[in-house]
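Here is a short set of exercises to work through with the model open beside you. Try each task before reading its solution.

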Amino acid sequence: MQPLGTKENSLFRSVVKFYESKQYKKGLKAADQVLRKVPNHGDTQAMKALILNSQGQSDEAFTLAKLALKNDMKSHVCWHVYGLLWRSVKNYEEAIKAYKFALRIEPDSQNILRDLALLQAQMRDYEGYVDSRSKMLNQRPQLRQNWTALAVAHHLSGNYKSAEHILNTYEETLKSPPPKTDIEHSEASLYKNTIIAESGDTERALKHLDEILPGNLDKTAVLELRAKYLLELGRNEEAVHAYKTLLDRNTEYRAYYEGVEKALGLNRSDAASLEQLAELYETFARKSDRLDAARRIPLDFLTGDKFKTAADSYLRRMLNKGVPSTFPNIKSLYVDHEKMEIIEKLALGYTAESSSNGSASAEVNGGHSDRFEESVLYFLTQHYNYHVSRDLEKALEYVDKLIEMNPKSVDYTQAKARIYKHYGNTKKASETMSRARELDVKDRYINTKCAKYQLRDNQNVAALETMSKFTRNETAGGPLGDLHDMQCMWYITEDGEAYQRQRNLGLALKRFTSVADIFEIWHDDQFDFHSFSLRKGQIRAYVDMVRWEDHLRDHPFFTRAALNAVKLYLELADNPELGNPNSSNGTDKLDAVERKKARQKAKKEQEKLDKAEAEKKLANAKKANATGADGEIKKEDPDPKGLLLLQTKEPLEASLRFLTPLLEFTPQNIDAQNLGFEVQFRRKKYLLALKSLLAAHSIDAENPKVHEQAIRFRQFVNDAKDLPSQVSEVLKSQLSFIPADTDLKRYNLEFMKRHSDNPSHIQSAYNVRLLLDPSSKSAVESDIQKLLDHPEITLEDGLRGLRYLDDWKSDEKTKDAYREAAAEEWPEASAFQKN
Amino acid sequence: MDIRVLKPSDIPHVQMANITNLPENYFCKYYLYHAMSWPQLSYVAVDVSRPPKTPYDPPKIVGYVLAKMEEEPTDGVQHGHITSLSVMRTHRRLGLAEKLMRQSQRAMAETFSAHYVSLHVRVSNTAALHLYRDTLGFTVDKIEAKYYADGEDAYSMRMELDQYKGKDLEDVEMEDQDEGDAVGSEGKAEGNKGEGGAEGAKKEASAGKKRKVKVGRALGVSGLVERNETGS
């Protein structure tokens, strides 16, 4: 520590105060005053660095902090600040190192210990966290939250016994019971209870729960836990009662109904139980006219005539009330084909009723309202639009009738747009959805749908324009900036996919990267709660959050963007020209015409976008400092179009940012494993490629991609000469589902025969045939077109066929012929139409 | 549709439901702030009938209520506040909004001894007004001029929560002690702010004009408290 004079010393203290109260300008001024007198004062330089960092001058801050350390290596302040700077740039390893240096100099500093502990919690270094929290507790045992914190550290590290022990020790120090409104105490007791239960001792957990139950403030949680414990312990009579109590409080939670069923020993798949089950739900339903669950659940387990009767009364009830969500509420029953047919017949029967007594106010069957008639037609529209029961012509017929009856209905017009979507006609779909939007321009839901349909039709500019009707457009970056700030995942992903379809790979990659960035923000978001939650005392919620954050990236928002990004990087790896902004985007001569068209369209879109952006900039020019919605100072994005991302020299390495979490958090996702193989194979990491192939094989041995990859890999292994012997040993022994002496052509033919009723498998077999025999190209091309006549073919298969032709670099004539044939099969589908 | 308490893992889809339906939007951390401060108060409506497509399918959220306790009530009376409520257009007329509200309101009274609950609603939003006033029993307290960013006025509404006062656990056949009058349990939970100390690099909220909440993704949690008035 460098000594200061009295005046400077008090100035220094004011620097700290100004920093803590975020009066940065004053803080800097005071720091400079000290430094004028003592230019090399390390602590002051460090504090100044901290303030500079808070003002967004990270580089200057680091330079100054390093200088401070040079001047005063033995100052804990300098090391602490150095750690804080690393923390602010999210380099937690370096930050932890710096904090540990600081602690070596000042072992008792609560502030440094706390900062270290928070990072250890964030990094899931539970051993270190227990250590730091023990020290903090020793220093300040009078604070309850220090006890709780150590218990949490033990708990998260899996040590239930120590966790409980710490909480008990604190409770024993309480001289009188805390007041009943003490939420921290109430929560701490429940937290302890969940620890006991998680340790597996349900008996003791129940006993403890009964002790803390009177007066505990979270009644819902207490009742839920009690019912659960009773059921687990086989105290069924009490469990029934407990679950019924819960149902009195909340009639719409299936877990409670299931609890009652289990406690009564009823089993839905056991015919003997069905009678009792039906009765049980009837008693529930009788309690109130407003319950849905008690009426809807029996449809899940009833069958045959009983199902028909129950479904009839359920549907009539809902349709008479005019509930537009009746169909979404029952469509899951369609996994059972018989139930689907019964429901279809019932609904068709209703149309006959409503038309027969449609004349004036006939009151034949209890009197149906117009509402009933409309509801039935809307139900049938949705029925014939749903993939399991799809008949788009019928759906269109019904919806047109509805629109005639009620031309101003947003719902009906929206339904019509969805029908066009299922026809594959993205253009008509988006036009129709735009009409739906215009029917209620103040409704954001329909506005959102409209933008989504525009993106599906590759109209990025129009979609953003639509979104901008509800975004905060004064945000830096305009509407798109606001959508990023508000973490609007679906839009960013769909925008990227639309660019990907248009071959604007830069912007596509830009968007997928943004999604990954937001997931990083979500991961960082938990940081403050490591301390906040201890102050709030809501520990169970905190533990829930920590556990969620641990597998954050298994979320489909991440998966979808990540799969797209990896595919894009694979393309870049196979065709480095794509990353070159001056190249013609990978045009090969064969399909020059098509590429040119696509490019021109993309260029037009881009020009529109540029123009819009330029106008925005002009409008914002007056605001000198662009700030985001959250007051952060926004730096200008140096790569708004993603061109720098595209120019990566190592696309395969770059893809790992997406691939690694995919494989770690969603190993059961077969698409992820398929891509894992592709990337690792190209990286020549053959054992990792094998690992993904085997994982995919165990998820679905008959998956078309697995089939293609297995043959490619077998061929490679058989031909490989210069592999390290260990690697080739493992490959030989592990790739056993397709042995070395396999006749690959025959293997492929057998696969095709096995799956003769599945077009996607057949396409895959064609692809393999071409791989094994390049001379079969024209035969394969003609076969894949003939496949369009396959009785089971879907639009999705048809589109995939076109992508295979792309992969095979088939010429334009072949593709035109394919498109023409496909257009006969799907006359509405935009993808096969000319232009 | 299930009605159950919101879990942290629900947040991505709650956030999506919000930005799909409503003009007032928040980033993830603001939802977390609710879920970590008053985990008992926010509820979701979940479509549980769909068979999962992958082992990683998150629950399909079709509606939510995001609720809180007023941290520093100007009238000194403990009360709850509805930050946001919405139900997908595809799932209307099932009574979900009402059911979500009732669960949240009871939890406010039971867990935090709230005496009443307040909320804001756009004066043009007749459907919501109908729900709050006619179905749930809220009354209009006052009109707040230009409350929303686009200049629209808000009804400031409230509802007393007396009906939920201490009567529920009797069924469990346990000794149920009287709740008594609860005072200031909230203040206590906030007590030790001192620990925050050198938490460091927090930035000042340059609160947007007359705009709620959209401050501070990079802020510490304390910066996420609603701000109604202009900063400067």
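Helices here are DSSP runs of H or I with at least four residues, numbered from the N terminus. Please keep in mind that this is a predicted model.

**Exercise 1. Locate L137(A) and decide whether it is buried or exposed.**

Solution. Start with the secondary structure: L137(A) sits in helix α8 of chain A. Next, take the cut-off, under which a residue is buried below 20% relative accessible area. L137(A) has a relative accessible area of 7%, so it counts as buried. Now look at the contacts: beyond its neighbours within four places in sequence, L137(A) meets N146(A), W147(A) and L150(A). Finally, try a distance: P39(A) lies 98 residues from L137(A) along the chain, and 39 Å separate their C-alpha atoms.

**Exercise 2. Find the helix that holds E198(A), and work out which exposure class this residue belongs to.**

Solution. The helix is α11 of chain A, residues 183-198. For the class, recall that partly exposed covers the range between 20% and 50%. The relative accessibility of E198(A) is 34%, so this residue is partly exposed. Setting aside residues up to four places away in sequence, E198(A) touches H155(A), Y160(A) and R547(A). One more pair to check is E198(A) with G158(A): they are 40 residues apart along the chain, with 9.7 Å between their C-alpha atoms.

**Exercise 3. Inspect the backbone of R124(A) and N458(A): what is the sign of phi in each?**

Solution. Begin with the background: most residues other than glycine have a negative phi. R124(A) has a positive phi, near 60°. Its place is the loop that links α7 (110-122) to α8 (126-139) in chain A. N458(A) is not a glycine either, and its phi is also positive, at about 60°. You will find N458(A) in the loop between α26 (444-456) and α27 (460-467) of chain A. With a relative accessible area of 15%, N458(A) is therefore buried.

**Exercise 4. Describe chain A as a whole, then its domains and its annotated repeat.**

Solution. First count the elements: chain A has 45 helices and zero strands. Then take its extent: along the principal axes, its C-alpha atoms fill a box of roughly 95 × 75 × 65 Å. Chain A has 835 residues, and 55% of them count as buried. As for contacts between residues at least 6 apart in sequence, 61% join residues at least 24 apart.

Move on to the domains. The assignment lists domain 1 (6-178), domain 2 (179-287) and domain 3 (745-834). Measuring between centres over C-alpha atoms, domain 2 of chain A and domain 3 of chain A are 55 Å apart.

Last comes the repeat. An unreviewed UniProt entry places "repeat: TPR" at residues 76-109 of chain A. That span is 79% helix and 0% strand, and its end C-alpha atoms are 9 Å apart.

**Exercise 5. Write out the order of elements in chain B and compare it with the annotated domain.**

Solution. Chain B contains five helices and seven strands. Reading from the N terminus, their order is β-α-α-β-β-β-α-β-α-β-β-α. Of the 232 residues in chain B, 59% are buried. Here, 66% of the contacts between residues at least 6 apart in sequence join residues at least 24 apart.

For the annotation, an unreviewed UniProt entry puts "domain: N-acetyltransferase" at residues 1-162 of chain B. This span is 30% helix and 30% strand, with 28 Å between its end C-alpha atoms.

Zoom in on one residue: K29(B) belongs to helix α2 (residues 28-37) of chain B. At a relative accessible area of 4%, K29(B) is buried. I11(B) is 18 residues from K29(B) in sequence, and their C-alpha atoms are 9.5 Å apart.

**Exercise 6. Characterise the packing of α3(B) against α4(B).**

Solution. Take the geometry first: helix α3 (residues 96-112) of chain B and helix α4 (residues 126-136) of chain B meet at an angle of about 65°, and their axes are 11 Å apart. The crossing is right-handed. Next, list the residues: α3(B) contributes A97(B), E98(B), M101(B), R102(B) and Q105(B), while α4(B) contributes L131(B), Y132(B), T135(B) and L136(B). Sorting the residues of this contact gives five nonpolar, two polar and two charged.

Terms used
Residues are numbered from 1 along each chain as its sequence is written. Chains are lettered from A and ligands numbered from 1 in the order in which they are written. This is a predicted model: local features need pLDDT of at least 70, side-chain atom pairs count only at pLDDT 80 or more; totals for chains, interfaces and linings use all residues. Side-chain values use heavy atoms; hydrogens and water are left out. UniProt positions are given in the numbering used here, feature names are shortened, and annotations may be inferred rather than shown by experiment. Helices (H or I, at least four residues) and strands (E, at least two) are DSSP runs, numbered from the N terminus. Domain bounds come from an automatic or database domain assignment. Axes are lines fitted to C-alpha atoms, for helices over the stretch in contact, and angles run from 0 to 180 degrees between N-to-C directions. A crossing is left-handed if the near helix is turned anticlockwise from the far one by less than a right angle, and right-handed if clockwise. Contact means heavy atoms within 4.5 Å. Ala, Val, Leu, Ile, Met, Phe, Trp, Tyr, Cys and Pro count as nonpolar, Asp, Glu, Lys and Arg as charged, and the others, Gly among them, as polar. Buried means under 20% relative accessible area, exposed over 50%, partly exposed in between (1.4 Å probe, protein chains only).
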